[in-house]
Amino acid sequence: MSTSLSQTGAPASHGKNNKQGAATHTRQWRLVPGLLLAGAFALVSMLLSRFPWFQSHGLSTLTVAIVLGMLLGNTLYPRFAAPTLPGVAFSKQRLLRLGIVLFGLRLTFQDVAGVGLAGVAIDAVMLCSTFLLACLAGWKLFGLDRETTMLIGAGGSICGAAAVMAAEPVVKAKPEQVAVAVATVVVFGTLAMFLYPLLYQWNLQHGWIQLSPNAYGVYVGSTVHEVAQVVVAGGAVGPEAANTAVIAKMVRVMMLAPFLLALSYVLMRGAKTSGSGARGGMVIPWFAVWFLVVVGINSTGIVPAAATGLLLVLDELLLAMAMFALGLTTHMSAIRQAGLKPLALASLLAVWLLAGGLLVNLGVAWLAGSA
């Protein structure tokens, strides 16, 4: 069979490959304006979060990034949005997943040993109970949609805004649902950051409960939303409490990957049972699997400290770009339409984390002591 040739004598398939390459190159260049915009504001967010006022109020880079994104997205951004949309969408999706993977460099499996089996058990109980409470209350009590309910539950039970963003691809939520969930965990996480140290001091004055700084640290790490908020709430009591709180929180963050895998499996089973026509196979969030792989690599200590430091800065930048991009595409009208129900659900979870979390911490500690 003869091979068709172009006018220049080159095979037609070669010309087709050139066209495909040119199209790919064009698509890549379309990402640039949005990536530059998200990257610039992500750097601004990183710089602002380093200021003492932001640190003292537990405002992390991710929180600052989404606030800046929402401010710009609801004012000037619609006027020049068109050329930046591909890069903004890329930031929300691909860069977010890469950021979650690199987040594993903050953790090691040795952290688990740092809090012991009791600390791991407390984290696991709080994660499962908080998420189940969110689902039951969100659907049955408040009548919220599935996506918003699960996102608020993920944020409250694991690690705030980062968990909300990580759960979004599994839940397949809309940008406004993600923004509502992030807003609730930021509000109640910030309140918890100031309330926990205050209650600890009151308890010391009245002697209601025997709670050492170390036990307080585990309590904070297992119940407060954001890592930055845990640092502030623990540090307000002392170095011992701060160190334990961060370790307990990191162990809780490590549970993000198995949580996402379990959530994906449950949603897949639910789709098959309801006959919704969704794909029968389980949608595996591979970025969560790679997150655990990175944790394992980091646990070996083979990555040089200098390289880890640079990668952590890159990770912060990627996650900030994703959060800023989310804020850009979030319209305040959509949040207003969500009403008070998401806040009501988040407040219920906050009460459970505060009061129920204390009972779980004391109960597990008592069982561990009597074993």
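Q: Which residues in helix 6 meet helix 11?
A: In this predicted model, Gly156, Ser157, Ile158 and Cys159 are the helix 6 residues that meet helix 11. On the helix 11 side they meet Lys249, Arg252 and Val253.

Q: How do the residues of that contact divide into nonpolar, polar and charged?
A: The contact of helix 6 with helix 11 has 3 nonpolar, 2 polar and 2 charged residues.

Q: And at what angle do helix 6 and helix 11 pack?
A: About 140 degrees, with the axes 8 Å apart. Helix 6 covers residues 146-159 and helix 11 covers residues 239-254.

Q: Why are helix 6 and helix 11 called oblique to each other?
A: Roughly antiparallel needs an angle over 145 degrees, and roughly perpendicular runs from 65 to 115. The helix 6 and helix 11 angle is about 140 degrees, so the two helices are oblique to each other.

Q: Stepping back, how many helices and strands does the chain have?
A: The protein chain has 16 helices and 0 strands.

Q: What share of the residues is buried?
A: Of the 371 residues in the protein chain, 47% are buried.

Q: What about contacts, how many join residues at least 24 apart?
A: Taking contacts between residues at least 6 apart in sequence, 79% join residues at least 24 apart.

Q: Salt bridges next. How many does a search of the whole structure find?
A: The search finds 3 salt bridges. One of them is between glutamate 316 and arginine 50, with the closest N and O atoms 2.6 Å apart.

Q: Where in the chain do glutamate 316 and arginine 50 sit?
A: Glutamate 316 is in helix 14, residues 305-328. Arginine 50 is in the loop between helix 1 (12-49) and helix 2 (52-56). The two are 266 residues apart, and the pair links distant parts of the chain.

Q: Is glutamate 316 buried or exposed?
A: Glutamate 316 is buried, at 14% relative accessible area. Its partner arginine 50 counts as partly exposed, at 44%.

Q: What does arginine 106 form a salt bridge with?
A: Aspartate 315, with the closest N and O atoms 2.3 Å apart. Arginine 106 lies in the loop between helix 4 (85-102) and helix 5 (110-141) and aspartate 315 in helix 14, so this salt bridge ties together parts 209 residues apart in sequence.

Q: How accessible is aspartate 315?
A: Aspartate 315 has a relative accessible area of 0%, so the residue is buried. Arginine 106 is partly exposed, with 31% relative accessibility.

Q: And which residue does glutamate 147 bridge to?
A: Arginine 146, where the closest N and O atoms are 3.7 Å apart. Arginine 146 is partly exposed, with a relative accessible area of 38%.

Q: Aromatics now. How many aromatic pairs turn up in the whole structure?
A: The search gives 6 aromatic pairs. Among them are tyrosine 77 and phenylalanine 80, with ring centres 5.5 Å apart and planes at 85 degrees, so that pair is edge-to-face.

Q: Is tyrosine 77 buried or exposed?
A: Tyrosine 77 is buried, at 4% relative accessibility. Phenylalanine 80 is partly exposed, at 35%.

Q: Why is the pair of tyrosine 200 and tyrosine 216 called tilted?
A: Their ring planes are at 45 degrees, so the pair is tilted; the ring centres are 4.7 Å apart. Tyrosine 200 is in helix 8 and tyrosine 216 in helix 9 (residues 213-223), 16 residues apart.

Q: How accessible are those two tyrosines?
A: Tyrosine 200 counts as buried at 7% relative accessibility, and tyrosine 216 is buried at 1%.

Q: While we're on helix 8, what is threonine 184 in contact with?
A: Threonine 184 lies in helix 8. Apart from neighbours within four places in sequence, threonine 184 contacts Ile152, Pro342, Leu343 and Ala346. Threonine 184 is buried, at 2% relative accessibility.

Q: Last one: which loop holds lysine 172, and what is its phi?
A: Lysine 172 sits in the loop between helix 7 (161-171) and helix 8 (175-206). Its phi is positive, about 65 degrees, although lysine 172 is not a glycine. At 55% relative accessibility, lysine 172 counts as exposed.

Terms used. Residues numbered from 1 in each chain as written. Predicted model: local features only at pLDDT ≥ 70, side-chain atom pairs only at ≥ 80, totals over all residues. Heavy atoms only, no water. Salt bridge = Lys/Arg side-chain N within 4 Å of Asp/Glu carboxyl O. Helix = DSSP H or I, 4+ residues; strand = E, 2+ residues; numbered from the N terminus. Buried < 20%, exposed > 50% of the residue type's maximum accessible area, 1.4 Å probe, protein only. Axes fitted to C-alpha atoms, helices over the stretch in contact; angles between N-to-C directions. Parallel < 35°, antiparallel > 145°, perpendicular 65-115°, else oblique. Contact = heavy atoms within 4.5 Å. Nonpolar A, V, L, I, M, F, W, Y, C, P; charged D, E, K, R; others polar. Phe/Tyr/Trp six-rings, centres within 6.5 Å; stacked < 30°, edge-to-face > 60°.
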